[in-house]
Amino acid sequence: MTENAVETLVLRFMKDRGWRSLRNHVGVFLTATGSSRVSIGEVGYPDWTFIRGNTPLKMGGTGTVDMMHFEAKATGKRPRKEQLEKLASLQYLGEIAIWADSLDEFKFQYHRYFDERPLGL
């Protein structure tokens, strides 16, 4: 399965559970005029950050926000050294940061941290 196919399945899985998906672009890009280059992001940073708010305190909830980082890979592929190092550094800081090369692998890792059903079910 291609990296894009894995991403598509994971994004649907997360959307069904109320998560917002933020794409992290990393690299050197040309300005609109093409006259100069702009460096964006951090080398090795995961492709996606997912964010989901919980019920506000005033409504009896925790008032917290869930967040996790995700690096997608094509089936059978692994992250580059820089990507593995960045995932490890995010985990060291207490953040959830995973990579997966299939929806099944993503679900396995997801359920290590979260245990709930899709919205509306």
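Visitor: Strands E2 and E3 form a hairpin. Which residue in its turn has a positive phi?

Guide: Six residues lie between E2 and E3 in this hairpin. Strands here are DSSP runs (E, at least two residues), and helices are runs of H or I, at least four residues, both numbered from the N terminus. In the turn, a positive phi of about 75° belongs to Gly-34.

Visitor: At what pLDDT do side-chain atom pairs count in this predicted model?

Guide: Residues are numbered from 1 along each chain as its sequence is written, and side-chain values use heavy atoms, with hydrogens and water left out. The model is predicted: totals for chains, interfaces and linings use all residues, local features need pLDDT of at least 70, and side-chain atom pairs count only at pLDDT 80 or more.

Visitor: Which residue of E3 is the bridge partner of Val-28?

Guide: E2 covers residues 27-30 and E3 covers residues 37-40. The two strands pair (DSSP finds at least two bridges between them), here in the antiparallel sense over four bridges. Across from Val-28, the partner in E3 is Ser-39.

Visitor: In what pattern do the helices and strands follow one another along the sequence?

Guide: The protein has three helices and six strands. Read in sequence order, they give the pattern α-β-β-β-β-β-α-β-α.

Visitor: How far apart are the end C-alpha atoms of helix H2?

Guide: H2 has 12 residues, 81-92. The expected span is 1.5 Å times one less than the number of residues, so H2 should span 16 Å. The distance in the model agrees with this: 16 Å.

Visitor: How wide is the arc that the buried residues of H2 cover?

Guide: Gln-83, Lys-86, Leu-87 and Leu-90 of H2 are buried (under 20% relative accessible area with a 1.4 Å probe, protein chains only; exposed is over 50%, partly exposed in between). The arc is taken from the directions from the helix axis to the C-beta atoms. The four residues lie on the same side of H2 because their arc is only 100°.

Visitor: Which strands do the buried residues of H2 pack against, and which exposed residues sit on the face turned away?

Guide: The packing partners are E5 (65-72) and E6 (96-100). The face turned away from the buried side carries Lys-81 and Tyr-92.

Visitor: Is Lys-77 buried or exposed?

Guide: Lys-77 sits in the loop between E5 and H2. Leaving aside neighbours within four places in sequence, Lys-77 is in contact (heavy atoms within 4.5 Å) with Trp-99 and Asp-101. At 52% relative accessibility, Lys-77 counts as exposed.

Visitor: Which helix gives the most residues to the largest nonpolar core?

Guide: A nonpolar core is a set of buried Ala, Val, Leu, Ile, Met, Phe, Trp, Tyr and Cys residues joined through side-chain atoms within 4.5 Å. The largest one has 17 residues, and those touching the most other members include Phe-50 and Phe-70. At least two residues each come from H1 (3-15), E4 (48-53), E5, E6 and H3 (103-113). The top contributor, with four residues, is H1.

Visitor: How wide is the arc within which the buried residues of H3 fall?

Guide: The buried residues of H3 are Leu-103, Phe-106, Gln-109 and Tyr-110, and their cover includes H1, E4, E5 and E6. On the other side, Asp-104, Phe-108 and Arg-112 are exposed. The buried residues line one face of the helix because they fall within an arc of 130°.

Visitor: Which residue's backbone oxygen lies 2.8 Å from a polar side-chain atom of Gln-109?

Guide: Gln-109 counts as buried because its relative accessibility is 10%. Not counting residues up to four places away in sequence, Gln-109 touches Ile-98 and Trp-99. A polar contact is a pair of N or O atoms within 3.5 Å, one able to donate a hydrogen and the other to accept it, and residues adjacent in sequence count only if both atoms are side-chain atoms. The backbone oxygen at 2.8 Å belongs to Trp-99.

Visitor: What distance separates the C-alpha atoms of Arg-17 and Arg-52?

Guide: Arg-17 lies in the loop between H1 and E1 (20-23) and is buried, with a relative accessible area of 11%. A polar atom of the Arg-17 side chain is 2.9 Å from the backbone oxygen of Phe-13. Arg-17 and Arg-52 are 35 residues apart along the chain, and their C-alpha atoms are separated by 8.8 Å.
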